[in-house]
Amino acid sequence: MSDGKRTQDSMIGNGPVGVGSVVSVPAAPGVERRQRPRPKISSTPPAPPPAPRLDDYAPIIGQPELDDLRFLAQQLRGKTVKMVNSTAVGGGVAEILNRLVPLMNELEVVTKWEVITGGNDFFEVTKGFHNALHGGEYAVTQAVKDIFLSYTEQNRQRMEFSEDVFVMHDPQPAALIRSKRSDRGRWVWRCHIDLSNPNPEVWGFLRPFVDQYDAAVFSSPAFSRQLACPQYLFYPCIDPLSEKNKDLEESMVQKVCDDFGIDRSRPVVTQISRFDRLKDPVGVIQAYKLARKYVDCQLVLAGGGATDDPEGAAVLQEVMEEADDDPDIIILNLPAWSAIEINALQRASTLIIQKSLKEGFGLTVTEGLWKGKPVIAGAVGGIPTQVIHKLTGVLVHSVEGCAYQIRYLLTHPDYAAQLGRNGREHVKENFLMTTSVKRWLLLLQILLGTTKPHPPEEGQH
Ligand code: UDP
């Protein structure tokens, strides 16, 4: 195509599953199916929008919060930080750094972001480490150690280490700690993964490096391990100005619904998740079917990754079988660059579901809460940190529980709306990018000794 863009609209049952498709379930013989319009999502990622400025956050978090950030940054002005990870694009860490680094620089804390390099053999090893740190099997042979350490050495030779603070994200650059000098520089290991049950061989290899750090930062108390250094808790966060979370014009929300054949005059119940059994999409359909005996609603199951992940494709097949030929179940297989569409789907929803059986933090929950939606979610992983039962949403433990809550919330809209309002406040306080900036500023102050404990006042002990 002349503009280099095209849309994919292949549909299951009539050919291969295409990304950007509304997955249509073949109709039973003699049953006429309502035709859904074909979606119009570009098959190539759009250019990223420019990074927001601090002042852009004022309408969201309020001027006093921004003043806090500027105040905290004052004592750090001119200090230098280097953040290091293993990829510039793709994945949550790159997404966070894309926003965090410009904001730190705007606060005049001079922050550089560098990406380590390595061959396929290096990334195969680090992928093996990653899976093993989540509990999988991996043999740390001499060859594995040599690959990991030789690329570490190459990166050490290539990079300069002259900043005040070095932050290494995840295991890939962890051994760069070998460049630590006794006379300057403080080192932080920012671990984004769950280390609660690591493969002992891989952890045994990495731990001596981690123990040399001055601080470690985890995303949940449950993810951490005993270490020689102090540990800090930084929750994952979302950016309220990103494509996924920014306010949208009503016309955009409507357009996306029109594209996907969603009827907004009736309740919309949505789960956005990769097609993964641990997200329990089949359980969501079962809960919807139970609830539908009592209340009218449509179910939207939007996910991605099913085209290039064989397990995802199998789960999508199971989902379609469970959906049978219900015209009110809308299954969407979205490409990775569907941020606006996901944003619109979340905003168009009456309820958001995240019925996971296992979960990391559950960013889809954060995103749903941020949009002021009542959320029904499985009580697993980081979800209970976000969904405080009956205050910022409701927690469920079963298909029946989920069905009950769908029915209850759809028939108690005032209560549901209150949960949504509370949920948004909870995210604003704890899980926004600006909260994360504040935590980094505080940690830098602690590490660089710019924050001194107050001496007790006269008469106080
Ligand atoms: N997501 C997406 N496309 C999809 C499904 C999910 O972009 O088809 C996004 C979703 O909006 C969220 C992230 O991927 O930002 C999923 O994060 P979460 O922590 O919920 O689950 P994970 O997939 O990391 O287990």
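**Cavities, strands and two unusual loop residues**

Reader: How much space lies in the largest cavity here?
Author: About 80 Å³ of space lies in the largest cavity, where a cavity is a set of points on a 1 Å grid over the protein atoms alone at which a 1.4 Å probe fits but cannot get out, and the volume is the space filled by probe spheres set on those points. This is a predicted model, in which local features need pLDDT of at least 70 and side-chain atom pairs count only at pLDDT 80 or more, while totals for chains, interfaces and linings use all residues. Residues are numbered from 1 along each chain as its sequence is written, and side-chain values use heavy atoms, with hydrogens and water left out.

Reader: And how many cavities of 30 Å³ or more does the count come to?
Author: The count comes to four cavities of 30 Å³ or more.

Reader: Which residues line the largest cavity, and which helices supply at least two of them?
Author: The lining, meaning residues with an atom within 4 Å of a point, consists of Ile96, Leu100, His169, Arg190, His192, Phe234, Tyr235, Pro236, Cys237, Ser436 and Trp440. Helix H3 (92-106) and helix H15 (433-448) each supply at least two residues of that lining; helices and strands here are DSSP runs, of at least four residues (H or I) and at least two (E).

Reader: Arg190 is in that list, so what does Arg190 stand opposite in S6?
Author: Arg190 stands opposite Val217 in S6. Strand S5 (residues 186-190) and strand S6 (residues 215-218) pair in the parallel sense over three bridges, pairing being counted when DSSP finds at least two bridges between two strands.

Reader: What order do the strands of that open sheet have?
Author: The open sheet has six strands in the order S3-S2-S4-S5-S6-S7, with parallel pairing. Strand S3 (110-115) and strand S7 (231-233) are its edge strands, each pairing on one side only. At the S3 end, six bridges join S3 to strand S2 (residues 80-85), and Lys82 has Lys112 in S3 as its bridge partner.

Reader: Moving on, is S8 buried or exposed?
Author: All five of the five residues of strand S8 (residues 268-272) are buried, so S8 is largely enclosed by the rest of the structure; buried means under 20% relative accessible area, exposed means over 50%, and partly exposed lies in between (1.4 Å probe, protein chains only). Val268, Thr270 and Ile272 point one way from S8, whereas Val269 and Gln271 point the other way. In a regular strand the side chains alternate between the two faces of the sheet.

Reader: Which residues does Val269 stand opposite?
Author: Val269 stands opposite Leu299 in S9 and also opposite Leu351 in S11. S8 runs parallel to strand S9 (residues 298-304), to which five bridges join it, and parallel to strand S11 (residues 351-354), to which it is joined by two bridges.

Reader: One last topic: what is the phi of Glu108, and what of Asp280?
Author: Phi of Glu108 is near 65°, and Asp280 has a positive phi of about 50° although it is not a glycine. Most residues other than glycine have a negative phi. Glu108 is placed in the loop between H3 and S3 and is partly exposed, with a relative accessible area of 41%. Asp280 is found in the loop between S8 and H8 and counts as buried at 13% relative accessibility.

Conventions
On a 1 Å grid over the protein atoms alone, a cavity is a set of points where a 1.4 Å probe fits but cannot get out, and a pocket is an open set with protein on both sides within 12 Å along at least five of seven lines; lining residues have an atom within 4 Å of a point.
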